[in-house]
Amino acid sequence: MSTYDVAIIGSGPGGYVAAIRCAQLGMKTALIEKYTTLGGTCLNVGCIPSKALLDSSHHYEDALKHFEEHGIEIPGEIKLNFKKMIDRKQSVVDQTTKGIEFLMNKNKVDVFTGTGSFKDATHIEITGEKNQTIEAKHAIIATGSKPASLPFIKIDKERIITSTEALKLTEVPKHFIVIGGGVIGLELGQVYRRLGAEVSVVEYMDRIIPTMDSAQSKELTKVMKKQGVKFYVSHKVSAVTRKKNEVTVTATDKKDNEVTFTGDYCLVSVGRRPFTDGLKAENAGVKINERGMVEVNEHLQTNIKNIYAIGDVVRGAMLAHKAEEEGVFVAETIAGQKPHIDYNLIPGVVYTWPEVASVGKTEEQLAEAGVAFKVGQFPMRALGRSRASGDTDGFVKILSHKETDEVLGVHMVGARVADLIAEAVTAMEFRASAEDIARMSHAHPTYAEAVKEAALAATEDRALHV
Ligand code: FAD
Ligand code: NAD
């Protein structure tokens with residue numbers, strides 16, 4: 001029987017990054033994945049394919065609507081080859097998952113294909129084409145998550161679908177009904193709107209992306225409405241039925257009126273649930289809570305000392321970069337180091353266009369906690385760079401402490417803010433004040449100038465270009 005210092009179950013961004021870090025730290029490492037491709041949800045059916053489709057559909061929309069204003073004329077009709085778009089997405093996924101195989105080889109991580117399940121706290125059975133058992137001094141559970149649903153919905157994977165199916169449709173829907181105005185619903189809703197579908201987003205809360213700063217919800221609603229997406233907030237879905245190719249979604253609005261939506265596809269994007277099916281955690285004595293999450297302490301250690309858990313299967317944001325940080329954290333903990341993660345500084349991004357990005361506390365959270373704060377906000381439309389590219393929607397909003405001026409939260413909507421948010425994370429990591437950011441030179445003309453201007457506005461209400 002092979003023996004390892006660490007065995008990691010699940011090869012998503014949590015698991016494969018943990019494997020690399022364990023190997024870097026000199027541990028003999030095994031990575032177990034039940035699918036034949038590595039990379040988990042993120043690389044196969046999450047982050048990467050959704051961004052590939054967002055990018056392709058963005059190009060298509062630009063060609064249809066914006067090339068002309070730039071003086072680019074295309075003789076003849078611009079046609080969509082949807083199959084090619086989906087095929088390209090798959091080739092991006094394939095290249096990326098192959099890249100993880102390369103990294104595992106390079107780092108001498110032994111990869112096992114098959115379902116990993118605990119025999120006891122130090123033995124893991126791998127059931128696949130070849131059945132085998134390995135021994136491991138430490139185990140890391142990185143089994144991720146699966147789409148959640150509502151109790152009365154039967155996902156048929158054809159017309160009533162999750163994000164996994166929405167990434168590989170064979171036709172552009174006529175009317176794409178989205179249940180849940182969170183990250184997945186908005187990203188994939190925008191993809192199909194750009195490709196010509198009518199898109200209706202039905203959201204239970206009174207605003208879309210309800211966990212982000214309300215100014216972001218407002219701005220994104222405004223822009224996506226302009227793009228033709230229809231929003232039905234404060235709508236509680238009560239039934240979803242299908243007759244042949246027609247799907248009907250029934251909901252009740254704020255005034256208790258029944259509203260029905262009829263379309264050809266319904267995307268259920270109401271969150272994801274931690275996944276531990278087949279893991280046989282009970283054989284090792286690992287505690288799983290009533291919400292299906294593996295319970296961990298502040299060291300990401302389960303109730304069984306040599307078993308850790310990371311990523312979507314434990315508490316906290318279900319984000320790839322959060323899982324990656326936790327993978328590194330656990331590898332270093334096992335190696336006897338004392339790593340640290342500041343969960344307040346894990347950024348959140350929605351990759352619609354304009355993009356939405358956040359780090360730290362929202363205005364609502366600060367108000368609720370009774371913290372005295374200042375707000376500095378700067379509109380993208382006041383930037384030369386935005387006018388040059390034609391991306392004038394959005395803003396940067398900086399919240400800083402009223403007395404100390406320490407940056408407490410940064411919230412943005414606009415072109416490339418998914419990349420701009422890194423500046424805010426860096427500033428907050430070093431506990432910068434708004435004035436610190438305001439005094440730094442930002443290249444001109446860039447979108448980043450909006451960060452400086454918002455910081456100036458927060459410091460002394462002295463933005464320069466409004
Ligand atoms: P996962 O990536 O879910 O990986 C878990 C792996 O474990 C899977 O490969 C699974 O097959 C395997 N596994 C499970 N049980 C076993 C077992 N018993 N034996 C062997 N293998 C097992 N996050 C972002 O940060 N940015 C984004 O842009 C983004 N976009 C997304 C878009 C979509 C459509 C979706 C669905 C998610 C997106 N996410 C995004 C979320 C991101 O994908 C997850 O947060 C991330 O994948 C979690 O990583 P993980 O390693 O915890 O688990
Ligand atoms: P989400 O939590 O982002 O959004 C779910 C939405 O559904 C919420 O707005 C919620 O209020 C709404 N909702 C819940 N129950 C409802 C009901 N009964 N009727 C109508 N609306 C209802 O979840 P998601 O969009 O499914 O994404 C799942 C996870 O994947 C998220 O946690 C997210 O972190 C991750 N993800 C991240 C990215 C990214 O980082 N860009 C992209 C996609 C997914």
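A pocket is an open set of grid points with protein on both sides within 12 Å along at least five of seven lines, and its lining residues have an atom within 4 Å of a point. Keep that handy for the second exercise. The model you're looking at is predicted.

**Exercise 1. Work out where ligand 2 sits and what holds polar contacts with it.**

Step 1: Start with the neighbours. Ligand 2 is surrounded by 22 residues, and the closest include Ile184, Glu187 and Gly271. By class, that shell splits into 13 nonpolar, 5 polar and 4 charged residues.

Step 2: Check the atom pairs, using a limit of 3.5 Å for a polar contact. Isoleucine 184 has a polar backbone atom 2.9 Å from an oxygen of ligand 2. Glycine 271 also offers a polar backbone atom, 2.8 Å from an oxygen of the ligand. With glutamate 187, a side-chain N or O atom is 2.9 Å from a nitrogen of ligand 2. The protein covers 78% of the 840 Å² of accessible area that the ligand has on its own.

Step 3: Now zoom out. Helix α6 (residues 183-194) gives the largest share of the shell, 3 residues. Domain 1 (3-146 + 273-341) and domain 2 (160-270) both contribute to the shell, so ligand 2 lies between them.

**Exercise 2. Describe the second largest pocket and its lining.**

Step 1: Take the space inside, about 570 Å³.

Step 2: List the walls. There are 23 lining residues, with Asp62, His66, Trp353, Gly390 and Asp391 nearest the centre.

Step 3: Find the helices. Both α3 (47-66) and α7 (214-226) supply at least two lining residues, and α3 has the largest share with 5.

Step 4: Sort by class: 6 nonpolar, 8 polar and 9 charged.

Definitions and conventions. Residues numbered from 1 in each chain as written. Chains lettered and ligands numbered in written order. Predicted model: local features only at pLDDT ≥ 70, side-chain atom pairs only at ≥ 80, totals over all residues. Heavy atoms only, no water. Near = heavy atom within 4 Å. Polar contact = N/O pair within 3.5 Å; in protein donor to acceptor, adjacent residues only side chain to side chain. Areas by Shrake-Rupley, 256 points an atom, 1.4 Å probe, with all protein chains shown as cover. Helix = DSSP H or I, 4+ residues; strand = E, 2+ residues; numbered from the N terminus. Nonpolar A, V, L, I, M, F, W, Y, C, P; charged D, E, K, R; others polar. Domains from an automatic or database assignment. 1 Å grid on protein atoms, 1.4 Å probe; cavity = no way out; pocket = protein on both sides within 12 Å on 5 of 7 lines; lining within 4 Å. Points joined across faces, edges and corners; volume = space filled by probe spheres on them.
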